[in-house]
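The following exercises introduce a protein chain through its predicted model. Please study the sequence and the structure before attempting each task.

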Amino acid sequence: LSSPSGLTHESHRKDVEQVYLRCSEGSIEWMYPTGALIVNLRPNISPASYKHLTVCIKPFKDSAGANIYLEKTGELKLLVRDGDRSPSRVYCFGYDQGGLFVEATPQQDISRKITGFQYELMSKGVAADLHTASAPCRPCSDTEVLLAVCTSDFVIRGSIRNVTNKAEEQESIIHVGVNKLYRQKSKVFQLTGESGNWRGQIKTLLECGVKPGDGDFLFTGRMHFGEARLGCAPRFKDFQRMYKEAKDKGLNPCEIGPD
């Protein structure tokens with residue numbers, strides 16, 4: 001977490017401050033913004049790998065006081081306009097497309113403003129999974145499912161207990177009852193005290209029209225800004241079939257108990 005403050009630059013309202021962030025994910029909070037910030041993302045990896053990275057930012061819900069631009073060789077492209085209240089909106093771009101330039105907007109009272117956002121750096125392949133521009137609700141092929149089992153942040157067998165649709169955010173929250181937990185990167189799925197069952201929530205796009213239904217599914221996906229995002233989710237019986245067929249041919253990319 002980086003927390004610069006514009007009050008230290010009150011007498012120099014056009015100052016530009018450089019901020020260097022070494023972590024692959026985190027957040028920046030700019031209190032009382034004046035002038036501008038140049039946000040330099042410098043992860044602890046080989047510079048040769050930078051071209052394979054995608055940067056995603058998610059503004060805080062109450063972020064205000066500055067515009068956020070993508071800057072490259074002096075040219076600015078507006079990413080987030082001050083006052084834009086798009087809930088849960090995520091903005092992604094290639095690392096080599098430029099850096100972040102955060103410019104304070106004129107304010108009568110800067111002490112009431114705080115600009116902030118979360119950021120994540122990830123490989124371009126992972127980012128493509130999260131932000132598929134075409135057919136985001138398309139069912140996964142057998143090959144995609146088997147690969148998702150090996151590479152996803154979470155893999156569970158479970159059922160859909162309920163679905164909550166958030167029209168304003170254009171998202172659906174899938175309330176999942178877990179029958180078997182194969183893997184989870186973060187503790188999204190936890191034991192509930194009352195029933196002793198594993199439960200958790202997975203988010204997906206509202207347009208995909210997920211509805212409660214009978215039967216078990218194999219839920220896979222990735223963690224994104226602390227939330228579980230749905231990837232491939234075949235019915236479990238279909239996963240059993242494709243896993244067995246691949247295993248019999250020696251083509252399954254990794255081992256996982258299908259039962």
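## Exercises with worked solutions

**Exercise 1.** Determine whether Q170 is buried, partly exposed or exposed, and describe its backbone and its place in the chain.

*Solution.* The model is a predicted one.
Step 1: the relative accessible area of Q170 is 47%. Partly exposed residues fall between the limits of 20% and 50%, so Q170 is partly exposed.
Step 2: Q170 belongs to the loop between β10 (154-166) and β11 (171-184).
Step 3: most residues other than glycine have a negative phi. Q170, which is not a glycine, has a positive phi near 55°.

**Exercise 2.** Carry out the corresponding analysis for T73, beginning with its phi.

*Solution.* Step 1: although T73 is not a glycine, its phi is positive, at about 45°.
Step 2: T73 is found in the loop that lies between β5 (66-72) and β6 (75-80).
Step 3: the relative accessibility of T73 is 72%. The limit for exposed is over 50%, so T73 counts as exposed.

**Exercise 3.** Identify the residues with the most contacts inside the largest nonpolar core.

*Solution.* Step 1: as background, the chain has 259 residues, of which 39% are buried.
Step 2: the largest nonpolar core comprises 25 residues, and V39, L41, I57, L100, V102 and F117 have the most contacts inside it.
Step 3: beyond its neighbours within four places in sequence, F117 is in contact with residues including V39, I57, I68, L100 and V102.
Step 4: another core, of 14 residues, lies apart from the one just described; among its members are I174, F217, F219 and M223.

**Exercise 4.** Classify the aromatic pair formed by Y69 and F101, and state which strands this pair ties together.

*Solution.* Step 1: the structure contains 6 aromatic pairs.
Step 2: the ring centres of Y69 and F101 are 6.4 Å apart and the planes stand at 55°, so this pair is tilted.
Step 3: Y69 is in strand β5 and F101 in strand β8 (residues 99-104), so the pair ties together parts 32 residues apart in sequence.
Step 4: both Y69 and F101 are buried.

**Exercise 5.** Describe the surroundings of F239 and Y243 in helix α3.

*Solution.* Step 1: the rings of F239 and Y243 have centres 5.6 Å apart and planes at 50°, so the pair is tilted.
Step 2: F239 and Y243 are 4 residues apart in helix α3 (residues 236-248), a separation of about one helical turn.
Step 3: F239 and Y243 are both buried, and F236 joins them in one aromatic cluster.
Step 4: over the ring of F236 sits the charged end of R157, 4.1 Å from the ring centre.

Notes. Residues are numbered from 1 along each chain as its sequence is written. This is a predicted model: local features need pLDDT of at least 70, side-chain atom pairs count only at pLDDT 80 or more; totals for chains, interfaces and linings use all residues. Side-chain values use heavy atoms; hydrogens and water are left out. Helices (H or I, at least four residues) and strands (E, at least two) are DSSP runs, numbered from the N terminus. Buried means under 20% relative accessible area, exposed over 50%, partly exposed in between (1.4 Å probe, protein chains only). A nonpolar core is a set of buried Ala, Val, Leu, Ile, Met, Phe, Trp, Tyr and Cys residues joined through side-chain atoms within 4.5 Å. Contact means heavy atoms within 4.5 Å. Rings of Phe, Tyr and Trp (its six-membered ring) pair if their centres lie within 6.5 Å; planes under 30 degrees apart count as stacked, over 60 as edge-to-face and the rest as tilted. A charge sits over a ring if NZ of Lys or CZ of Arg is within 6 Å of the ring centre and within 35 degrees of the ring normal.
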